[in-house]
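Dear colleague,

I am passing this structure on to you, and below it you will find some notes on what turned up when I went through it. Please have it open beside you as you read.

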Amino acid sequence: AWQEVGKRNKTQDVTSVSDAVTPVSRLFAGVLRIELRRTGAKTAVNLQPFKTLPLEIWPKWVTSVSKAFEHSFSGQVLTGLKGSDGADVEGKQSFSFEQLPPVLVLQLKRFRFGRSGANKVSKFVAYPARLRIPDELMSPSLLAAVNSGAEGAVADYKLCGVVCHHGSTVGGGHYTAYALDANNVWRHFDDHTVRQARPDDVRSQASAYALLYKRD
């Protein structure tokens, strides 16, 4: 843990969760910045590694990946917290990217769990062929690195894979996938069957469950 000087020279406590460096993490690992602000207390910052990024899609107005980002990164109001004097206070938790991976894996949360069990969210969610991470979703340090052209700081991505879940239950179903090969040709994988796919078909899958984007 360490202290960081933020706006108006205010300090905030920063903790980081370490993650082992592996061939998988070199490709897929990024870091989320999670900030908790409470009345009368320092802002607490947690740097949390991730390899897949889950995005909530159940609200009716979430019809695209960009809206899913907006919803999932909009922040949460937390109750039952304690201030520095021990009194009950509310807090707000906000999210941003501290570090972006070479390959960004977005998981569209197709199942919503409630008292009646898991219900599948079967609607189509639009996803672009090219994705730019919005400035407002990047931490100040990451945004500065991207704007300065620092090595490894890239916010532009190109779709390279789509995984689809076919079925209505969380415990079953069938998976198929689309992948972009080395010649920029899309291939469709369904068990042992592989065939060429049209780009328009790749981007029109209502059953899309995971989206893979590589640095563009």
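**What was found**

Asn184 has a relative accessibility of 47%, so it counts as partly exposed. Please bear in mind that this is a predicted model. Asn184 sits in the loop between strand 13 (174-180) and strand 14 (186-190), and although it is not a glycine, it has a positive phi of about 60°. Asp191, which is found in the loop between strand 14 and strand 15 (193-196), likewise is not a glycine and has a positive phi of about 55°; with 61% relative accessibility, Asp191 counts as exposed.

Turning to the interior, the largest nonpolar core holds 41 residues, of which Phe69, Phe97, Leu106, Ile133 and Leu211 touch the most other members. Strand 12 (residues 156-166) makes the greatest contribution to this core, with 5 residues.

Phe69 is also one of the buried residues of helix 2 (residues 65-72), together with Val65 and Ala68. Because these buried residues fall within an arc of 105° when seen down the axis of helix 2, they line one face of the helix. Among the elements that cover them are strand 5 (53-56), strand 7 (88-99) and strand 16 (208-215). Setting aside residues up to four places away in sequence, Phe69 touches Leu53, Leu55, Phe97, Leu106, Leu131, Ile133 and Leu137.

Finally, His165 lies in strand 12 and, at 2% relative accessibility, counts as buried. Beyond its neighbours within four places in sequence, His165 is in contact with residues including Phe111, Lys120, His174, Tyr175 and Tyr209.

With best wishes

Technical notes:
Residues numbered from 1 in each chain as written. Predicted model: local features only at pLDDT ≥ 70, side-chain atom pairs only at ≥ 80, totals over all residues. Heavy atoms only, no water. Core = buried A, V, L, I, M, F, W, Y, C linked by side-chain atoms within 4.5 Å. Buried < 20%, exposed > 50% of the residue type's maximum accessible area, 1.4 Å probe, protein only. Helix = DSSP H or I, 4+ residues; strand = E, 2+ residues; numbered from the N terminus. Contact = heavy atoms within 4.5 Å. Arc of directions from axis to C-beta.
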